[in-house]
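Subject: Handover of a structure

Hello,

Here is the structure I said I would pass on. My notes on it follow below.

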Amino acid sequence: MSILVVGSVALDSITTPFGRVEEILGGSASYFSTSASFFTDVNLLAVIGEDFPQEHVDFFRSRKINLDGLMRVPGKTFRWRGRYEYDLNEAHTLETQLNVFETFNPQLPEDYRRAEYVFLANIDPDIQREALSQVSSPKLVACDTMNFWIAGKREALIRTLALVDILIINEAEVRQLADEPNLVKAAAIIRSFGPQTLVVKRGEYGVLMFGEGSIFSAPAYPLEEVFDPTGAGDTFAGGFFGYLAATQNTTEENLRKAIVFGTVMASFTVEKFSLDRLKEINYQEISDRFRKIKLLTEFADLN
Ligand code: AMP
């Protein structure tokens, strides 16, 4: 089953302890779509400015990502400037320029409106809600957000969360959104806002998934070199939701498998800048890492 994703398509400028780049392809929807496209068809809804390089559009097309909902309008593309210190788990935002997203009023193409699997990638929660309202009968809705929107548009975000089945955010954002330092208590508070399932991204420490009466923990794939963590969260979400949409199965067992696929996809993204590593990999490499994570967490039962 195909996925509809709405989110940012961006030009990122990033400094890590290992290098620096200017205006490379980024954005929550870019990472999500590319990652999910390994599992299923993706319909992308976003806006870009006149300055967005055609080569990036051609790349999306080469991945068979449907671009009927990618609007090019007068003005400048969304830009994000970030920096990481040696603790790569924390991104420091230096600058966010919404540009064409400031006035973006999403209009879904006709065939996008029939979507059953909808991913609201990190973007203004009002845009997320407007896009979702045009989908006739969504079956599974997942959502991501970040500190920028939790701080700046809290009320709008809470309204969006009431319509969402699965929320995928990082650990610091869980505490910020719930206004509660204990993660288990914070998860319960956030689940009371709407999402039955909360997926907490913890960078190099892996992922925790909170459901009704269940908690699942998956480690991150142990990498010797992490080059640039930008996009890890969106790539995780693409693998996770891509697998769920492809299998159309949301049992606890399948959700856990989806978490591991997300973890594997994110492990590739952080090895290079931008989508460069995702451009190289194939499904064989994905399944190899999946099996390695399974071995990593296997141990004997009590007897
Ligand atoms: P992450 O997966 O959390 O590392 O997401 C990184 C991507 O999020 C970058 O490529 C940015 O372009 C994008 N981004 C940063 N800030 C925002 C924002 N406020 N709204 C939407 N996208 C953003």
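How many residues surround the ligand, and which are the closest? Please keep in mind that this is a predicted model. In it, 19 residues surround the ligand, and the closest are S8, D12, G27, G231 and D234.

The ligand

Oxygen atoms of the ligand make several polar contacts with the protein, and three are given here. A backbone N or O atom of G231 lies 2.7 Å from a ligand oxygen. For G233, again through a backbone N or O atom, the distance to an oxygen atom of the ligand is 3.1 Å. D234 takes part with its side chain, where an N or O atom is 2.7 Å from an oxygen atom of the ligand. The ligand taken alone exposes 510 Å², and the protein buries 89% of that. Two or more residues of the shell come from each of β2, β6, α4 (147-152) and α8. The largest share, three residues, is that of α8.

Helix α8 and the residue after it

Helix α8 covers residues 232-247, which makes 16 residues. From its first C-alpha to its last it reaches 23 Å, close to the 22 Å expected at 1.5 Å a residue. Is the helix enclosed or open to the outside? Of its 16 residues, 14 are buried, that is, under 20% relative accessible area, so α8 is largely enclosed by the rest of the structure.

Just after α8 comes Q248, with a positive phi of about 50°. Q248 is not a glycine. Most residues other than glycine have a negative phi. Q248 sits in the loop between α8 and α9 (252-269). Its relative accessibility is 40%, so Q248 counts as partly exposed.

N99 is another case: its phi is near 50°, a positive value in a residue other than glycine. N99 is found in the loop between β7 and β8 (117-120). With 21% relative accessibility, N99 also counts as partly exposed, because buried means under 20%.

The four-stranded sheet

β2 and β6, named above for the ligand shell, also belong to an open sheet of four strands. The order is β3-β2-β6-β7, and the pairing is mixed. Which strands stand at the edges? They are β3 (19-26) and β7 (92-97). Each has a single partner strand, so one side of each is left without a neighbour in the sheet. Neighbouring strands of this sheet are turned by 15° against each other on average, direction ignored.

Between β2 (residues 10-16) and β6 (residues 78-83) there are six bridges, and the two strands run parallel. D12, one of the closest residues to the ligand, has W80 as its bridge partner in β6.

Strands β9, β10 and β11

Strand β10 (residues 166-170) pairs with β9 and with β11. Three bridges join β10 to β9 (residues 140-144), and these strands run parallel. Here C143 has L167 of β10 as its bridge partner. With β11 (residues 197-201), β10 pairs over five bridges, also in the parallel sense. In β11, V200 is the bridge partner of I169. Four of the five residues of β10 are buried, so this strand is largely enclosed by the rest of the structure.

Regards

Definitions and conventions. Residues are numbered from 1 along each chain as its sequence is written. This is a predicted model: local features need pLDDT of at least 70, side-chain atom pairs count only at pLDDT 80 or more; totals for chains, interfaces and linings use all residues. Side-chain values use heavy atoms; hydrogens and water are left out. Two strands pair if DSSP finds at least two bridges between them. Axes are lines fitted to C-alpha atoms, for helices over the stretch in contact, and angles run from 0 to 180 degrees between N-to-C directions. The expected span of a helix is 1.5 Å times one less than its number of residues. Buried means under 20% relative accessible area, exposed over 50%, partly exposed in between (1.4 Å probe, protein chains only). A residue is near a molecule or strand if one of its heavy atoms lies within 4 Å of it. A polar contact is a pair of N or O atoms within 3.5 Å; within protein, one must be able to donate a hydrogen and the other to accept it, and residues adjacent in sequence count only if both atoms are side-chain atoms. Accessible areas come from the Shrake-Rupley method with a 1.4 Å probe; for residues, only the protein chains shown count as cover.
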